[in-house]
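Open the model in your viewer and keep the selection tool at hand. Each stop below says what to select and what is there.

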Amino acid sequence: MEQYVLEMRNIIKTFPGVKALDDVNFKIKPLQIHALVGENGAGKSTLMNVLSGVYPHGTYEGDIVVNGEICAFKNIKESEAKGIAIIHQELALIPQLSIAENVFLGNEQTGIGPIISWDKTRQKTIEMMKKVGLTDNIDTKVRDLGMGKQQLVEIIKALSKDVKILILDEPTAALNDDDSKHLLDLLLGLKEHGITCIIISHKLNEVTRVADEITVLRDGKTIETLTKGTDEITEARIIKGMVGREIVDRFPKRSHKIGDVYFEVKNWNAYDTIDDTKHVLKDVNIQCRKGEVVGIAGLMGAGRTEFAMSVFGKSYGKKISGTILKNGKEIHIKNVKDAIKNGLAYTTEDRKSVGLILIDNIKRNISLTAFDKISKGIVIDENKEIKVAEEFRSKLRIKSSSILQKTGNLSGGNQQKVVFSKWIFSDPDVLILDEPTRGIDVGAKYEIYTVINELTEKGKTIILISSELPEVLGMSDRVYIMNEGRIVGELAASEASQESVMHCIMESNREG
Amino acid sequence: MGKKESILKNNLRQYVMVIVFALVIVLFQVLTNGVLLKPLNVSNLISQNGYILILAIGMLLCILTGGNVDLSVGSVAGFVGAMSAIMMLKWGIPEVPTILISLAIGFAIGCWQGFWIAYVGVPAFIATLAGMLIFRGLTLVVLQGTSLAPLPAAYTFLASGFLPGIVDVGGYNLLAIILGVAVSVFYVLRELKNRENKRKYDFEVTPLKVFILQTIGILAVINAFVLTLASYKGIPMVLVIVIILVAIYSFVTMKTIPGRHIYAFGGNAKAAQLSGVNTKKVMFWVYANMGVLAALAGIIFTGRLNSATPKSGTNFELDAIAACFIGGASTSGGVGTVIGAMVGGLLMGVLNNGMSIMGVSIDWQQAIKGFVLLAAVAFDVYSKSKSK
């Protein structure tokens, strides 16, 4: 009976009022990469939390069978002892510590008694770094590594615990295409080291590339398991399983008129906030028209977020120089308040930690950007505030119990809708959207795209920053390509493709 | 049913606080053989705790910005008290200008600390710890180690005076009763309007029966309280000051833009900043405001003692901080109310007062207050982790 390395049988997990998992069956064959897909709220994370012991045995129904043996994990330590390790979306590394220190944190290599043997620690770390192809010095602090490399350190950490089943929750969400590719290749390689992987991902192109089997969850139920070779595995096929219907267009049609040049940034230069000798943005020039969606494509670290934030009230950078023109007139923006006053809006790439006040409700989050509109003097008119919030809740279809629900309890897609609401409320002319659909499921993405289209129809200018090339290409009228702090290309929607964008980046790397 | 439960759950912390407060009062009323709620003692209770309540209001704003505290308020209160005594007794400045100048000194001190914290970026804990040492030292310097007393009656009026009574009706102070009725009417009207508004927007409202009971209960408490005071000397000035401050600061924190900015800042500093909140300005004004309130507390405490002493104000900051946390403020900021801090402060005041009447020694009182603080915050942490 060694057919499955892991079986989860008839798992039922209920939270007060909700059945999060309803009779889920999940079977993993050894030495495979098994993808778990589903919309946000489908129960993927809950299932993995049951598996790894975050929800201890007894709080759910059903059996977990590892290598033919029924297990009852009381905590994470026990599941780790069985060789199950989980790498969460938010990495659990300590930025101030070195690679080696992070790898063996909580699993310290000791010599005599409780005294740490640094020789052993280093030696083992170096060994494993070779396995995953990480070439940095082991004393490098984790905070000095890029996201891609940090992800590798997490994997090393898991490997150091002699893992048999590695679970990765959205491992590539924060990675650029190059780093993602490297990571996925590494996962393929791990099979040879005797490791089975479970990967949770919204990036279906990656799933179709690496997965041997794909299990689709929907509303807490297992819908189907697709096997490479026997079943048809395409993105469209998977999406159909996830949403229960076929989505014809991933990007909604748009009927908008592009007007004259409206927003320009000229000769924009900026240096790093912390290290002001580092020239981060170099002579950036962009032009956007009324009613136009301008995409900015580029790899992680290309300087797109830095550009957006430095334009938006100097929220990033030092020694910033350059001019901003709106409607042909130069505008001066010293801080975020000026930016808002001049009709700019910026939605952050990280809505949880810098976009929303999670302990506050929907209403209070929406009104924050433009209290002036609902106040007399300094006194806020609560009735107006409620009306505004209700209006956005219904217009953007924010799924919530009421406008008094805490934003921290909303799903990712609905949180993003609150972020959009709050910025649309400030009545901007130019919206800079930084990774607007990161970590959001297919259905919610479509809704966000629809909102973007509605904005352009009203003549708003949209600057769209995204690491997902298909998104930039699908949504933009024109695409700027950024690399290492420079604009290295500009393509019209008709000529932009994955290849042409990558070509621009490669070209500029060669010149640089 | 579901709705009712969720209302109870959401307000559990507040309900528990009020219930605990009521139980503590009943407990000490029994233990002290009824002395606790005697008119004289109720009046004392207020003047004993007025300055802590005033400090707690300012402290709450500091805590709301992200769990920052102001450790210097005791020293600042002591320093301002000393300065006002010197102004009146040594420099011959009249009482009213003295009070105004004293408040201005407090404001200047608040700006000084706000500058270091908001614009230079010194952590609030350190900047105010420095302030605590600086102003304690300066108090000793200006008083040259001695006390100044007695103080003019017009100055001590704020601390130990009473609102004049118009007429006595059968041993009761008429003005006090009129004010009590006025407050009751205002309360009922406001609650009705709130309820109406919530209805209009289809929000959860407490069931009518509960609402009526709640209102009757609160009216009973208000009027019993006022009657008690009316049968003694009337309404203490300190109470008037505290009520006015509570009204102003409750309004500012709940209904105005600066108030929202404070909560937003404490809830998520980065998000607030990117939404156009000038976080430095918020931080600066919160501490500037604390300076003024510390000065006011200093004036009242000095007036109550009728002398300025080098030691006065010691440990006030700790009582004020404890009041806020017992009153439900979050150590990470963004959560807490002025009213909560007041209940927290009064709870400690009743503990102090009750134990004093019972003859419990001051050292035990300290220890017991420590346990109460620990229990309050532990309960808070526990109920939060459970609700997740």
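**Stop 1: an exposed asparagine**

Select Asn10(A). Is this residue buried or exposed? Asn10(A) counts as exposed, because only 12 or fewer neighbours are allowed for that class and Asn10(A) has 12 C-beta neighbours inside 10 Å. The model is predicted, so read every value here as computed from it. Asn10(A) lies in strand 1 of chain A, residues 6–15. Check its backbone: phi is near 45°, a positive value in a residue other than glycine. Most residues other than glycine have a negative phi.

**Stop 2: chain A as a whole**

Now select chain A. Its secondary structure comes to 17 helices and 22 strands. The radius of gyration is 24 Å, close to the 24 Å that the globule rule gives for 512 residues, so chain A is as compact as a globular protein of that length. Along the principal axes, the C-alpha atoms of chain A fill a box of roughly 70 × 50 × 50 Å. Of the 512 residues, 47% count as buried. Look at contacts in chain A with a separation of 6 or more: 69% of them join residues 24 or more positions apart.

**Stop 3: a buried strand pair**

Select residues 84–87 of chain A, which form strand 6. Which residues point which way? Ile84(A) and Ile86(A) point one way, while Ala85(A) and Ile87(A) point the other way. All four residues are buried. In a regular strand the side chains alternate between the two faces of the sheet.

Add residues 165–169 of chain A, which are strand 7. Strands 6 and 7 of chain A pair in the parallel sense, over four bridges. To line them up, find Ile84(A), which stands opposite Ile165(A) in strand 7.

**Stop 4: the domains of chain A**

Colour chain A by domain. The assignment gives domain 1 (6–243), domain 2 (249–343 + 429–512) and domain 3 (353–427). The C-alpha centres of domain 1 and domain 2 of chain A lie 33 Å apart. Their contact takes 15 residues from domain 1 and 12 residues from domain 2. On the domain 1 side, the elements that give two or more residues are helix 6 (177–190) and helix 8 (235–243) of chain A. By class, that side has six nonpolar, four polar and five charged residues.

**Stop 5: where chain A meets chain B**

Show both chains. How many residues of each chain are in contact? The contact joins 25 residues of chain A with 21 residues of chain B. On the chain A side, select helix 10 (336–341), helix 11 (351–355), strand 18 (379–380) and helix 13 (382–395), the elements that give two or more residues. By class, this side of chain A has 15 nonpolar, eight polar and two charged residues.

**Stop 6: the domains of chain B**

Move to chain B. It is divided into domain 1 (50–160 + 237–387) and domain 2 (162–235). The C-alpha centres of these two domains of chain B lie 28 Å apart.

**Stop 7: a loop with two backbone features**

Zoom in on the loop between helix 6 (124–143) and helix 7 (153–160) of chain B, where Pro150(B) is found. The peptide bond from Ala149(B) to Pro150(B) is cis, with omega near -10°. Gln144(B) sits in the loop between helix 6 and helix 7 of chain B. Its phi is positive, about 50°, although Gln144(B) is not a glycine. Gln144(B) counts as exposed, with 8 C-beta neighbours inside 10 Å.

**Stop 8: the nonpolar cores**

Select Leu55(B), Ala56(B), Met59(B), Leu60(B), Ala297(B) and Cys324(B). Of the 174 residues in the largest nonpolar core, these touch the most other members. Helix 13 of chain B, residues 279–305, provides the largest share of this core, 16 residues.

Centre on Cys324(B). Leaving out residues up to four places away in sequence, it touches Ala56(B), Met59(B), Leu60(B), Ile63(B), Ala329(B), Gly336(B), Ala341(B) and Gly344(B). Another core, of 62 residues, lies apart from the largest one. Among its members are Ile33(A), Ile64(A), Leu217(A) and Leu226(A).

**Stop 9: a long-range pair**

Finish at Leu27(B), in helix 2 (residues 12–31) of chain B. Leu27(B) counts as partly exposed, with 14 C-beta neighbours inside 10 Å. Then select Gly354(B). The two residues are 327 residues apart along the chain, yet their C-alpha atoms are separated by 9.2 Å.

Conventions
Residues numbered from 1 in each chain as written. Chains lettered and ligands numbered in written order. Predicted model: local features only at pLDDT ≥ 70, side-chain atom pairs only at ≥ 80, totals over all residues. Buried ≥ 20, exposed ≤ 12 C-beta atoms within 10 Å, placed from the backbone. Pairing = 2+ DSSP bridges. Contact = placed C-beta atoms within 7 Å. Nonpolar A, V, L, I, M, F, W, Y, C, P; charged D, E, K, R; others polar. Domains from an automatic or database assignment. Rg over C-alpha atoms; globule rule 2.2 N^0.38 Å. Core = buried A, V, L, I, M, F, W, Y, C linked by C-beta atoms within 7 Å.
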